[in-house]
Number of protein chains: 2
Amino acid sequence: MRKGYSVSAYQQLQQRFKRHGCLDDVLAVLNWDTAANMPAGGAEVRSEQSAELEVMQHELLTAQETGELLIQAKEECGQLDAWQAANLYEMERLWRHATAVPADLVDALSRAAQRCEMIWRDARPASDFAQTQPALQEVLDLTRKSAQAKAEALDCSLYDALLDQYEPGGSSAEVDAIFQDLAGFLPDFLPQVLERQARQPEPALPAGPFPLDRQEALGRRLMQQVGFDFGHGRLDSSLHPFCGGVPDDIRLTTRYDENDFVSSLMGILHETGHAMYERGLPADWRHQPVGMARGMALHESQSLMIEMQACRSDAFLSFLGPLLAETFPGPSEVWQTGNLARIYRKVEPGFIRVDADEVTYPAHVILRYRLEKALIEGDMQLADLPAAWNDGMKELLGITPPEDRLGCLQDIHWYAGAWGYFPTYTLGAMIAAQLFDTARKQVPDVEQRLGQGDFAPLMGWLRQNVHAWGSFMETGALLEKATGRSLDPETFKTHLRQRYLGG
Amino acid sequence: MRKGYSVSAYQQLQQRFKRHGCLDDVLAVLNWDTAANMPAGGAEVRSEQSAELEVMQHELLTAQETGELLIQAKEECGQLDAWQAANLYEMERLWRHATAVPADLVDALSRAAQRCEMIWRDARPASDFAQTQPALQEVLDLTRKSAQAKAEALDCSLYDALLDQYEPGGSSAEVDAIFQDLAGFLPDFLPQVLERQARQPEPALPAGPFPLDRQEALGRRLMQQVGFDFGHGRLDSSLHPFCGGVPDDIRLTTRYDENDFVSSLMGILHETGHAMYERGLPADWRHQPVGMARGMALHESQSLMIEMQACRSDAFLSFLGPLLAETFPGPSEVWQTGNLARIYRKVEPGFIRVDADEVTYPAHVILRYRLEKALIEGDMQLADLPAAWNDGMKELLGITPPEDRLGCLQDIHWYAGAWGYFPTYTLGAMIAAQLFDTARKQVPDVEQRLGQGDFAPLMGWLRQNVHAWGSFMETGALLEKATGRSLDPETFKTHLRQRYLGG
């Protein structure tokens, strides 16, 4: 009797989490619609719709019955197969995060973050950090309270409790070690790169305007080369490009600039990497926690795999050049592989993270990681943030932002309540390098086929070794299974050396 | 103590119905997305998403607590103001419909209708009624079962229970009387119209092609003339035009044909009438039952008010002509008011309802009403439907469909499970005539301003007398309050006589 009952506990949980997953889906469609379609006058009612769905999700997770079913299902987990067991594990993770924090604190934090983000939108262009400080202090205080509650439930440090929201199972001990390694490497490496670059000719820049319809047609063509299936997705435009929607109906957005197709093109390829990951998630586990993407580090690794590893390679650039020449008439020397490489791999220390190249990007992330960890752990006061930011930039990249608009005000994350997110960008870049390295070794023609615009060998390997696993394992275990070793900064450094110092 | 408690029962209901209303909203956005954006591969997961939300709505309504709260709130309804009391009344109506039918019957009917609709999609072009008959029989049987259950809960006839789903408070006794009147009028009237028309010159038809971007620009321009606010809505295209979305974010769709802008243009204006109604619903009652549109008859009256009463008037056509001449260059005689009137008011008995003119349209509806009532009440067998249809067409319009594709297979309604819907089309046309007649009398410059493309006087009157009332009253009461009398076929007949016999 008990056996029958407990299988039923798991099945009841699956039913409950299916509802939760469907609400995730619907929120994703609404979010895409908000960015891609919604008229301004729809904003207020859209917030109400989304808030109501989120409350329903929270109620589903925190209902007493959910906790009871989890206990029952765990008692009888011998009845479950490996995927069901992993699913149960992920259910409990979601439940733990949801139940750790009292509903009124969740609500207070969400409101404080919304308020602070609004203030930030005005304060950033005005470069006025002081204007944001009271609201940001409130966000920080409530975030620390929330982190405290989660840290107790997860038995970890405050910062790790936040990191776990974006990178399940991640730890600051691991991040510390990796970032320390990188922070030691970059100060030597960067000057060498810049020196070598200075010896090369300046890239010849393509002259615009570049008609938007041609940019779009080229973008669609390249998405299809990567493997994007327009029977299961769309491309639209929005102010901030992103990959939204659901695995069977991906909603990718981009932004066009008539005077510059360079960044928009790589932007589309970046989002297509995210899209391919979502599309490749295990179809048998749609709407279940184990069927979801593993975490933000792995997600970012898939976008950077396409954008950085594959699409900035010599092989792909040699395929891209003739396509660009066809699309945008003009002097042909611009489209030669060597010139394209000098455009797409230009290294230049700058103030703005989202404009940073592959080499300097980690420095931006390391800085943010150090600062947010200190703020969360209580080792730094908010009033000291602008100065600490500028000192860090000086130390890591040798430049000092002349104003906070180009410093601690540039990113939305903290102001919108996303603390613990930043490390995933650079972890993603390193995972991408390690996965690409292994894929090339295991599938010998990966690079040669990229030279023909054919992503099938690379994508086949990724689907089998990454996408299809959903959340079956934690990121570290997946990486070990796929590449035979844990995250290894050497592979990333080797990649940078080969690409930027020529071997 | 009891007082405090019972106000709280009503407030709890408001909370519960707010959630229900938000789910309505979300379903509306998903439906629009399905029609306007979704790639084919997204269909399966979209069904899952929508089904899950509908189950959640059904659970909200049928939960034991909802019934208990309704009893408590009614006991203390002396505490409520008039709008709250009306809201409570509408809550109970929704509850009564939802609880009347067992969940497994709801589910079986929904599945049967989906199956039948799929078969119909193949059978219609093949003109093969027999192919649909088994599936349609199942839909009919389950619809009758459902009607039986609702009839008991609502204490009315089977047909009235179905009609009540689309036209709350409507009754077949009233519809019988009105349709009998019209069915007596049309056989004399129609030949007079056709005879008069034959004496007039044939309309000169504009020659295409009509570029789609110009059609769209013109459509947007006219929507704005009517009063559509693009800050709270969009225009897109879809296979079947409709007005979707939510009151603060209307999603209107249309369909363009490069060789024919005539029907597309009136299509946009029709949907804009629906949109203006939704937009004008009482903002204080968003997401509450009393804040919703009253019913399908009144909804259709608002679209036909714009399309038929306003936009086919001489006054508006005299404004439209010069706009068309600007938009589509060509010989100017085509755009003269008299010629436009002959195009837009051409009367011609035909087989297809959706192509019918204002004069013959009621005959199509009366036929469907008689047949569906007989089928639901058990006075007719499904096997007899094709012959009965053709006999009815012969009697009402003097023509006999040569095949079922042009007869009983033409409309999706029955095959998709929408029984009891048809009468609302013609009730809507008659309500529109009566409201327009009153508006012209109460606001003397309504017509003159339409001649300047200015809908503000008409729309102001409609907003005040129709839109802003939401579901505060039943349709009949609203019409009496607005026009001083109940639905009166004479006004509609007078409108037809004036327009088609010249006074």
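This is a short walk through a predicted model with chains A and B, from the domains down to single residues.

Okay, some housekeeping before the tour. Residues are numbered from 1 along each chain as its sequence is written, and chains are lettered from A and ligands numbered from 1 in the order in which they are written. Since the model is predicted, local features need pLDDT of at least 70 and side-chain atom pairs count only at pLDDT 80 or more, while totals for chains, interfaces and linings use all residues.

Let's start with chain A. Chain A splits into domain 1, residues 1-100, and domain 2, which takes in 101-207 + 274-503; those bounds come from an automatic or database domain assignment. Taken over C-alpha atoms, the centres of the two domains of chain A are 28 Å apart. How many residues of domain 1 of chain A are in contact with domain 2 of chain A? The count is 16 residues of domain 1, meeting 16 residues of domain 2. By contact I mean that the C-beta atoms of two residues, placed from the backbone, lie within 7 Å.

On the domain 1 side, helix 1 (2-36) and helix 4 (82-100) of chain A each supply at least two residues. Helix 4 of chain A has the largest share, 10 residues. When I say helix or strand, I mean DSSP runs numbered from the N terminus: H or I with at least four residues for helices, E with at least two for strands. That same domain 1 side has seven nonpolar, five polar and four charged residues. For those classes, Ala, Val, Leu, Ile, Met, Phe, Trp, Tyr, Cys and Pro count as nonpolar, Asp, Glu, Lys and Arg as charged, and the others, Gly among them, as polar.

Now, where the chains meet. Chain A and chain B each put 29 residues into the contact. On the chain B side, helix 1 (2-36), helix 2 (43-62) and strand 1 (233-237) of chain B give two or more residues each. Helix 1 of chain B gives the most, with seven residues. By class, the chain B side has 11 nonpolar, seven polar and 11 charged residues.

Next, the inside. In soluble globular proteins, nonpolar side chains tend to be buried together. Here, the largest nonpolar core has 102 residues, and A:Ile431 and A:Ala432 have the most contacts inside it. A core, for us, is a set of buried Ala, Val, Leu, Ile, Met, Phe, Trp, Tyr and Cys residues joined through C-beta atoms within 7 Å. Buried means 20 or more other C-beta atoms within 10 Å of the residue's own, exposed means 12 or fewer, and partly exposed is in between, with C-beta atoms placed from the backbone.

Which helix gives the most to this core? That's helix 16 of chain A, residues 423-442, with nine residues. Helix 16 of chain A is largely enclosed by the rest of the structure, because 14 of its 20 residues are buried. Leaving aside neighbours within four places in sequence, A:Ala432 is in contact with A:Ser301, A:Leu304, A:Met305, A:Met308 and A:Gln309.

Staying in chain A, look at A:Ala297, found in helix 11 (residues 296-310). A:Ala297 counts as buried because it has 27 C-beta neighbours inside 10 Å. Beyond four places in sequence, the contacts of A:Ala297 include A:Glu167, A:Leu427 and A:Ile431.

Over in chain B, helix 11 also covers residues 296-310. All covered up, this one: 15 of its 15 residues are buried. Helix 11 of chain B bends by about 45 degrees at B:Leu304, the bend being the angle between axes fitted to the seven residues ending there and the seven starting there.

Last stop, the backbone oddities. Most residues other than glycine have a negative phi, and most peptide bonds are trans. In chain A, the bond from A:Gly208 to A:Pro209 is cis, with omega near 0 degrees, and A:Pro209 sits in the loop between helix 8 (172-199) and helix 9 (212-226). Chain B has a cis bond joining B:Gly208 and B:Pro209, with omega about 0 degrees.

Then there's phi. A:Asp155, not a glycine, has a positive phi near 55 degrees, in the loop between helix 6 (129-154) and helix 7 (158-166) of chain A. B:His287 has a positive phi of about 70 degrees. Buried or exposed, those two? A:Asp155 is exposed, because it has 8 C-beta neighbours inside 10 Å, whereas B:His287 is buried, with 22.

Methods
Expected span 1.5 Å × (residues − 1).
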